[in-house]
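Subject: Structure handover

Hello,

Here is the structure you asked for. Please have it open while you read the notes below.

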Amino acid sequence: MHALVIGGGIAGSATAVALRSIGADVTVCEARSAADLDAGLWLGVASNGLSALDVLGLRATTLAASLVDPRTGTAGRSGFAPVRRADLYRILRRAAQERGAVLRYDKKLVEADDTGTATFADGSTVTADVIIGCDGVHSRTRSVIDPGAPSPRYIPLLNIGGFAESARAPGEPARLQFVRGGGGFFGYTTAAGRDEVWWFANLPWPTEPTRSELAAMTRDDLTKLLLDALNDTPPFVRDVIERTGPGLYAVPTHDLPAVPVWRRGRTILLGDAAHATTPTSGQGASMALEDAVVLAKCLRDRPSWHDAAARYEELRRGRVQDIVALGARASAAKLTDASIEDSLEWIHSYRVDWAAPA
Ligand SMILES: Cc1cc2nc3c(=O)[nH]c(=O)nc-3n(C[C@H](O)[C@H](O)[C@H](O)COP(=O)(O)OP(=O)(O)OC[C@H]3O[C@@H](n4cnc5c(N)ncnc54)[C@H](O)[C@@H]3O)c2cc1C
C-alpha cells in the first residue's frame, strides 16, 4: 500500500512512522519548507501521548529532548513532558525518514480526487492508494472531502508565549504551574538545574485578530499587553516576561467541536484536521499521536482500506470529541474565572494496545 500523507506536522510525521512499521510505502507532502518547521513555542506531551510515542519507539528520545529530569527518565507525577515544538517535529520527521518514508517540502495540497490523486499548488500531482489528511486545523483536505465542512471556531483568547533563558520561577521543574491574574492567565514550567522558564499567557481577546493584525504587533506591544494584563501577579511573572528571548509569539485560539465527515473514498483525516482542541486541554498533540498509532493498527488488522477506515473512526470519534468539548469548557473557565472540576484520568490513562487486534 502506498499512503500519501498531507502535512508533515505532528500527526503527519507520526503517521508516517506508524505506517512504516506495518510495511506501507509512505510519502509525506508538507506545505512549508523544512526550515519553517523549526519554529514555534513549546507544548506538553501528556502521558497518553507519551504512551503512543512508546509504540512508535520514540518515548525515550522525546523525554531526552524535554524538560523532564534526565536522571529519572520518566515524566513527573503529572505524567507530562514539556518539549519545544520544533524538537518534537524534528524527532518525528527524522524517525519517519530513517524508517524509509519520503518527505517532500513546499508541497501544498490544493485538490484531491476519489482515485487517490492529489494536486499541489506547484501543479505537480502524486497518486497513492490512500490519502491521509494531517494538514492541521485549517485543513484543505477537510474541505476537499466535504465542501460543507465546518471552519474552525474562534475561542476569544489570545495565546502568547516564549522562552526565558535566564529567569527563575517557583515550583517543581517540568511541572505545569498556573497564575491567574485579573486580566489574563499565566502558565509556565521550568528546567531542572538551570535558570530557564517556558511560559504562555492567555488574554481575553473578544474579536478574532487577522493575520496582518497579529503580524503588526511588535515585541514591545506584546510585552506591554502582558505586563498590563498581569500586573497583579507575583513579581516573577514580570521578570520572566521581560527576560524572554527574541521569539515571542501570539496566536489566536481555535477548535473544531465536531467534523461530521472524516473520510470519503480513499481519503481520511487525522489530528487537528479532524478534531482540533484548544491548547487549554493540553491534548492536541497527544490525540494526534494516538490517531497515528490507531490508524496503523486498523490498517494492519483489517482486511480492506474501507473496513480499516471505518474501524479507525469508530475507535477515535467519541474520545476525541469528548476531549474537544472538555477543552472548550476549560477555555471558557479561563474567561469567567471559574474552575472546572473534571477528572482527567480517563484522558491520561488511555493506552493503545498495539499487540491486541483492532
Ligand atoms: C499555542 C498552542 C499551544 C498548544 N499547546 C499544546 C500542548 O501543550 N499540548 C498539546 O498536546 N497540544 C498543544 N497544542 C495543540 C497542538 O499543537 C496541535 O494539536 C498539534 O500540532 C496537531 O498536530 P497536527 O499534525 O494535526 O497539526 P499541525 O501540527 O498543525 O501540522 C499540520 C501540518 O500541515 C501542514 N499543512 C497545512 N496545510 C497544508 C496543505 N494544504 N498541504 C500540505 N501541508 C499542509 C502545515 O504546514 C503543518 O506542518 C497547542 C496549540 C497551540 C496553537
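Which residues are buried in helix 7? They are L222, T223, L226, L227 and A229. Please keep in mind that this is a predicted model.

Those five residues lie on the same side of helix 7, because they cover an arc of only 170° around the axis. D220 and K224 sit on the other side of helix 7, and both are exposed. The general rule helps here. An α-helix has 3.6 residues a turn, so residues three or four places apart point the same way.

What covers the buried residues of helix 7? The cover includes strand 10, strand 12, strand 13, strand 14 and helix 8 (235-242).

The five-stranded sheet

Four of those covering strands belong to one sheet, so start there with the order 11-12-13-10-14. It is open, has five strands and pairs antiparallel. Strand 11 (177-181) and strand 14 (244-255) stand at the edges. Each has a single partner strand, so one side of each is left without a neighbour in the sheet. On average, neighbouring strands are turned by 20° against each other, direction ignored.

Two helices pack on this sheet. Helix 7 (residues 219-229) touches strand 10, strand 12 (184-190), strand 13 (197-204) and strand 14. Its direction makes about 70° with that of strand 14. Helix 11 (residues 305-336) touches strand 10, strand 11, strand 12, strand 13 and strand 14. The direction of helix 11 makes about 75° with that of strand 10.

Now the pairings, one by one.

- Strand 10 (residues 153-164) and strand 14 run antiparallel and are joined by nine bridges. I160 has A250 of strand 14 as its bridge partner.
- Strand 11 and strand 12 run antiparallel, with five bridges. G181 is partnered by G184 in strand 12. The two strands form a hairpin with two residues between them.
- Strand 12 and strand 13 run antiparallel, with six bridges. G187 is partnered by F200 in strand 13. This pair also forms a hairpin, with six residues between the strands. In its turn, G193 has a positive phi of about 75°.

Strand 12 deserves a second look. Is it buried or exposed? Seven of its seven residues are buried, so strand 12 is largely enclosed by the rest of the structure. G184, F186, Y188 and T190 point one way. F185, G187 and T189 point the other way. Residues of both sets are buried.

The six-stranded sheet

There is also an open sheet of six strands, in the order 5-2-1-9-16-15. Its pairing is mixed. Strand 5 (102-104) and strand 15 (263-264) are the edge strands, and each pairs on one side only.

Strand 1 (residues 2-6) and strand 2 (residues 25-29) run parallel, joined by five bridges. H2 stands opposite D25 in strand 2. Helix 1 (residues 10-21) packs on this sheet. Helix 1 touches strand 1, strand 2 and strand 9 (130-133). Its direction makes about 170° with that of strand 2.

Cysteines

How many disulfides does the structure hold? Zero. The distances are clear for two of the cysteines. The sulfur of C134 is 12 Å from the closest cysteine sulfur, in C29, which is too far for a bond. The sulfur of C298 has its closest cysteine sulfur in C134, 14 Å away, again too far for a bond. C134 counts as buried, at 7% relative accessibility. C298 counts as buried too, at 0%.

The whole chain

The protein has twelve helices and 16 strands. Its radius of gyration is 20 Å, close to the 21 Å that the globule rule gives for 358 residues, so it is as compact as a globular protein of that length. The C-alpha trace spans about 60 × 45 × 40 Å along the principal axes.

Of the 358 residues, 53% count as buried. Take the contacts between residues at least 6 apart in sequence: 72% of them join residues at least 24 apart.

Best wishes

Definitions and conventions. Residues are numbered from 1 along each chain as its sequence is written. This is a predicted model: local features need pLDDT of at least 70, side-chain atom pairs count only at pLDDT 80 or more; totals for chains, interfaces and linings use all residues. Side-chain values use heavy atoms; hydrogens and water are left out. Two strands pair if DSSP finds at least two bridges between them. Helices (H or I, at least four residues) and strands (E, at least two) are DSSP runs, numbered from the N terminus. Axes are lines fitted to C-alpha atoms, for helices over the stretch in contact, and angles run from 0 to 180 degrees between N-to-C directions. Contact means heavy atoms within 4.5 Å. Buried means under 20% relative accessible area, exposed over 50%, partly exposed in between (1.4 Å probe, protein chains only). The arc is that of the directions from the helix axis to the C-beta atoms. A disulfide is a pair of cysteine sulfur atoms within 2.5 Å. The radius of gyration is taken over C-alpha atoms; the globule rule is 2.2 Å times the number of residues to the power 0.38.
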